[in-house]
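Let's work through a few helix exercises together. Have the chain in view and try each task before you read on.

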Amino acid sequence: MNSDAATQDGLKRGLTARHIRFIALGSAIGTGLFYGSAEAIKRAGPSVLLAYLIGGIAVYLVLRALGEMAVRNPVSGSFSEYANKHLGPLAGFMTGWTYTFEMVIVCLADVTAFGLYMQFWFPDVPRWIWVLAVVFFIGAINLLSVKVFGELEFWFTLVKITAIIAMIAGGIAIIVFGFGVHDTDAGISHLWSDGGFFATGFGGFVACFAIVMFAFGGTEIIGITAGEAEDPAQTIRKAVNTVPVRIILFYICTLAVIMAIIPWQTINSDNSPFVQIFENLGLGTAASILNIVVITAALSAINSDVFGAGRMMFGMSHAGQAPQVMKRVSANGVPWMTVVIMTVALLVGVVLNYLIPDQVFLVIASLATFATIFVWIMILLSQFRSRAQMSADETAALKFPVPLWPYGQIFAIVFLAFVIVLLGVIADTRVALLVGAGWLVLLTGAYYKWVKPAVSAADRSGA
């Protein structure tokens with residue numbers, strides 16, 4: 001198949017199986033793991049490992065639901081289009097714009113983390129300067145062809161995966177052999193000896209889910225890539241099925257090694273726990289190398305977020321749910337106006353890092369968690385309704401049906417609703433629930449004021 005083949009809406013199918021596999025891998029290895037995990041460990045202690053496992057199961061069920069729909073109907077609007085079709089135009093409008101909101105917010109978290117990482121080497125340079133630089137760099141990259149985006153993500157992700165596997169191997173070697181920096185008699189006892197596995201109690205374990213679920217945000221980009229994939233049926237299936245391995249290897253194994261080597265209480269949220277572990281062991285050079293890795297992770301995440309939000313706005317513009325200017329596509333097959341809009345939105349991150357550098361990450365992460373979980377719930381509800389509308393023959397013909405139907409989907413919906421309630425219960429994250437509720441009210445008002453009348457007028461004129 002010609003990799004430059006254009007789709008009906010002007011995009012080009014330039015993402016190969018290799019690109020999508022690594023985009024899927026990279027989406028699960030970002031700021032939530034390299035930086036946000038420090039806050040999760042602080043809240044829950046070693047029990048954060050169980051939280052990542054439970055959260056990972058829920059995310060896998062969400063992605064299988066998305067995979068079923070994406071393989072059956074690969075479109076650029078992805079889950080916004082699915083919600084539009086199966087739950088109604090208002091649901092599709094709210095899902096698409098909340099995902100865009102999610103990507104902007106996650107991007108703000110990622111550019112904030114990038115500024116923090118750069119302070120490891122340049123502590124006297126204001127963080128906002130680094131944030132400004134990275135916003136313009138990623139904006140320029142996303143104006144190039146989708147092939148360039150896919151290739152860049154491939155190399156970014158390769159660096160992250162190599163570093164994580166090397167860190168796990170090195171950490172295991174330190175646990176087993178000591179090398180003068182770890183008591184081999186202690187083994188992995190730090191996972192339960194410093195206050196127990198549930199060191200902060202059940203309350204601390206539950207409280208960490210707000211940060212844990214933020215770490216998985218962005219994995220739904222797998223559905224967005226379907227519109228530009230060369231072979232959606234094969235690539236989406238393979239990408240989604242790697243999720244359980246990624247969660248076990250990149251989250252649970254990695255954080256278990258970190259907390260086995262150094263007591264969890266010594267991990268702080270000033271920088272990445274990946275860097276801290278080598279600093280605490282006196283390996284300054286390794287810490288510098290890992291800082292390069294976490295910077296790469298942040299760049300990768302920002303790159304993916306700008307891509308995902310841009311393609312979502314592009315798809316919604318074709319559905320009449322976003323300004324028509326977002327339909328504009330460059331000669332390279334890139335919806336350039338959406339990239340410009342995302343770049344301008346990210347300049348908010350520059351202002352926030354200038355005004356409230358100390359509180360910005362937790363507030364942003366909480367907002368992103370609300371938006372992420374809302375989108376995931378809409379994906380699950382769309383797939384649930386989709387199945388209910390299918391005949392027995394259509395269900396039997398599905399190429400990538402969800403597992404554990406319907407009980408797995410019900411579990412995931414109830415669990416995600418529980419996490420949203422948690423946001424309101426915990427004082428530090430309550431602002432996220434309030435802002436999120438306000439956002440949904442604004443979207444509802446915008447839909448009935450502008451979108452529905454415009455669509456009705458278009459229907460009448462076409463009748």
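**Warm-up: the end of a helix**

Right after helix 8 comes Gly-178, with a positive phi near 80°. Helices here are DSSP runs of H or I, at least four residues long, numbered from the N terminus. This is a predicted model, where local features need pLDDT of at least 70, side-chain atom pairs count only at pLDDT 80 or more, and totals for chains, interfaces and linings use all residues. Residues are numbered from 1 along each chain as its sequence is written, and side-chain values use heavy atoms, leaving out hydrogens and water.

**Exercise 1**

Work out what span helix 8 should have, and check it against its end C-alpha atoms.

*Solution.* Start with the 32 residues of helix 8 (residues 146-177). The expected span is 1.5 Å times one less than the number of residues. That gives 46 Å, and the end C-alpha atoms are 46 Å apart, so the two agree.

**Exercise 2**

Find how helix 4 (residues 48-72) runs against helix 14 (residues 243-261).

*Solution.* First, take the angle: the two pack at about 165°, with axes 10 Å apart. (Axes are lines fitted to C-alpha atoms, for helices over the stretch in contact, and angles run from 0 to 180 degrees between N-to-C directions.) Therefore helix 4 is roughly antiparallel to helix 14, a label for angles over 145 degrees.

Next, look at who touches whom, with contact meaning heavy atoms within 4.5 Å. Helix 4 residues including Tyr-52, Gly-56 and Leu-63 meet helix 14 residues including Ile-247, Tyr-251 and Met-259.

Methods. Angles under 35 degrees count as roughly parallel, over 145 as roughly antiparallel, 65 to 115 as roughly perpendicular and the rest as oblique.
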